Structures are given as C-alpha cells and as structure tokens.
Amino acid sequence: MSVRGADQTHRAYLALGSNLGDRRRYLQGAINGLARADGVTVIAVSPVYETEPVGGPVQDDYLNAVVAIDTTLDPYALLDLAHEREAEARRVRVEKDGPRTLDVDVLLYDDVELDDPVLTIPHPRMWERGFVLAPLHDIAPDRVVGSGTWPGVRMASVTLDLPPAR
Ligand code: GSY
C-alpha cells in the first residue's frame, strides 16, 4: 500500500449497522462522532435500509447505512476511530456475528488494496452483502457493480442527518 503525505485527503467509505436498542440513535451517534474527529469530514450519508441479518444466530433486523468521508487519517488510524465509535456505543462482543448496538466497518479507502492481519481493504465480504451494496450504491454508484436491488434489503422509514458543521 502507498499512502501519500499525512496531509493528503483520502476518500473513504464506512459501513454502519445496528440491530440492538435504539438503532437509529446509534447510527446517528456514530456519524456525529466521526465528524468530531480531527482529520475527518463527513461528505455524504446514505439512506437507511432495514435489512435481514446475515449470518449469526436468530436476531432482529438491522438498520444499515454507509457514510463517505474525506480524511487525512491513514487506514489504520481510521480503523481505530471506527473501533472507538463502537466502544462509545458500548458494544459488547458476546457471540460471533450476534446482535450489536453498532458495527463500523472500513469498506474502501481511495483505491487502496491492503491485506494484512489487522485490516483488509476493500472489506473482504462487502461484495456479497446487499446491506452494504445498496447504501453504497446510493452515494457512490461508480464504486458498485450491480443492479441496485438486493434481496433482504428494504428502505427504512427513518433517515440520518449530516452532522452539524464543525
Ligand atoms: O458485518 C456487520 C454486522 N452484520 C450485519 C449487518 O450490519 N447487517 C445485516 N443485515 N446482517 C449482518 N450480519 C452482521 S455480522
């Protein structure tokens, strides 16, 4: 991977998901928290989708969305920031692929390809996940190959807001 100078801005896409508690509040809290971080500007927030759980135990449906950011953070610092947002939502890892207050995944970072034990970009399972592709297609159609309709994914009745300007 090569990432240019620290002040260079990179376009990244993050997937957000929640299926526990006040799902919309967790997603909006994550977006606002990302926007508060140094070196991050939230550029776009997708529509929200209500989605059937993929994998794991029987559990409630998720709300999923994707955000586009411009960032001077490198991919690893961005991953740390994603984990901080999950911790802020008091996410507890009880069961693999089980219900969660908040999941934040780094999907894309410019056209960087990265595969090591800490981080894989593009996200290795994103191309088979309608709950990622539908909202990503809405805000970055050029980054998605496909029809724009995916099974188990329907538009939710809630929306998310762009965060307040800093
Ligand atoms: O990988 C993200 C967490 N997750 C999800 C999700 O966000 N949405 C849906 N529909 N299913 C999921 N399974 C897992 S694990």
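Tutor: A residue counts as exposed if 12 or fewer other C-beta atoms lie within 10 Å of its own, as buried if there are 20 or more, and as partly exposed in between. The model before us is predicted, and burial in it may be read with these cut-offs.

Student: Is D97 buried or exposed?

Tutor: D97 has 11 C-beta neighbours inside 10 Å and therefore counts as exposed. This residue lies in the loop between α2 and β5 (103-109). Its backbone deserves attention as well, for D97 has a positive phi of about 60° although it is not a glycine.

Student: Where is D110, and what is the value of its phi?

Tutor: D110 sits in the loop between β5 and β6 (114-115). Its phi is near 45°, again positive in a residue other than glycine. D110 has 15 C-beta neighbours inside 10 Å, so it counts as partly exposed.

Student: Which residues surround the ligand?

Tutor: D97 is one of them. The others are G17, T51, E52, P53, V54, G55, G56, Y62, N64, D103 and F131. By class, this shell divides into 4 nonpolar, 5 polar and 3 charged residues.

Student: Which residues does P57 contact, leaving aside its neighbours within four places in sequence?

Tutor: P57 is in contact with E95 and G98. In sequence P57 and G98 are 41 residues apart, yet their C-alpha atoms are 6.1 Å apart in space. P57 belongs to the loop between β3 (49-51) and β4 (62-71). With 10 other C-beta atoms within 10 Å, P57 is exposed.

Student: How is the packing of two helices to be described?

Tutor: Two quantities serve: the angle between the axes of the packed helices and the distance between those axes. Here, helix α1 (residues 23-36) and helix α2 (residues 75-88) pack at about 135°, with their axes 10 Å apart. The two helices are therefore oblique to each other, and α1 passes α2 in a right-handed crossing.

Student: Which residues of α1 and α2 meet?

Tutor: A30, G33 and L34 of α1 meet L81, R85 and E88 of α2. The residues of this contact comprise 3 nonpolar, 1 polar and 2 charged. As a general idea, an α-helix has 3.6 residues a turn, so residues three or four places apart point the same way.

Student: How many residues of α3 are buried?

Tutor: Helix α3 (130-139) is mostly covered, with 7 of its 10 residues buried. These are F131, V132, L133, A134, P135, L136 and H137. They pack against β1 (10-18), β3, β4, β5 and β8 (153-155). F131 also appears among the residues around the ligand.

Student: Is L63 buried or exposed?

Tutor: L63, in strand β4, has 20 C-beta neighbours inside 10 Å and so counts as buried. The cut-off for that class is 20 or more. Not counting residues up to four places away in sequence, L63 touches S18, R23, R24, L27, V48, E50 and A156. By contrast with these contacts, R36 is 27 residues from L63 in sequence and 22 Å from it in space, C-alpha to C-alpha.

Student: Which residues are joined by a cis peptide bond?

Tutor: I121 and P122 are joined in this way, with omega at about -10°. P122 lies in the loop between β7 (120-121) and α3.

Technical notes. Residues numbered from 1 in each chain as written. Predicted model: local features only at pLDDT ≥ 70, side-chain atom pairs only at ≥ 80, totals over all residues. Axes fitted to C-alpha atoms, helices over the stretch in contact; angles between N-to-C directions. Helix = DSSP H or I, 4+ residues; strand = E, 2+ residues; numbered from the N terminus. Parallel < 35°, antiparallel > 145°, perpendicular 65-115°, else oblique. Left-handed = near helix turned anticlockwise from the far one by under 90°. Contact = placed C-beta atoms within 7 Å. Nonpolar A, V, L, I, M, F, W, Y, C, P; charged D, E, K, R; others polar. Near = placed C-beta within 6 Å.
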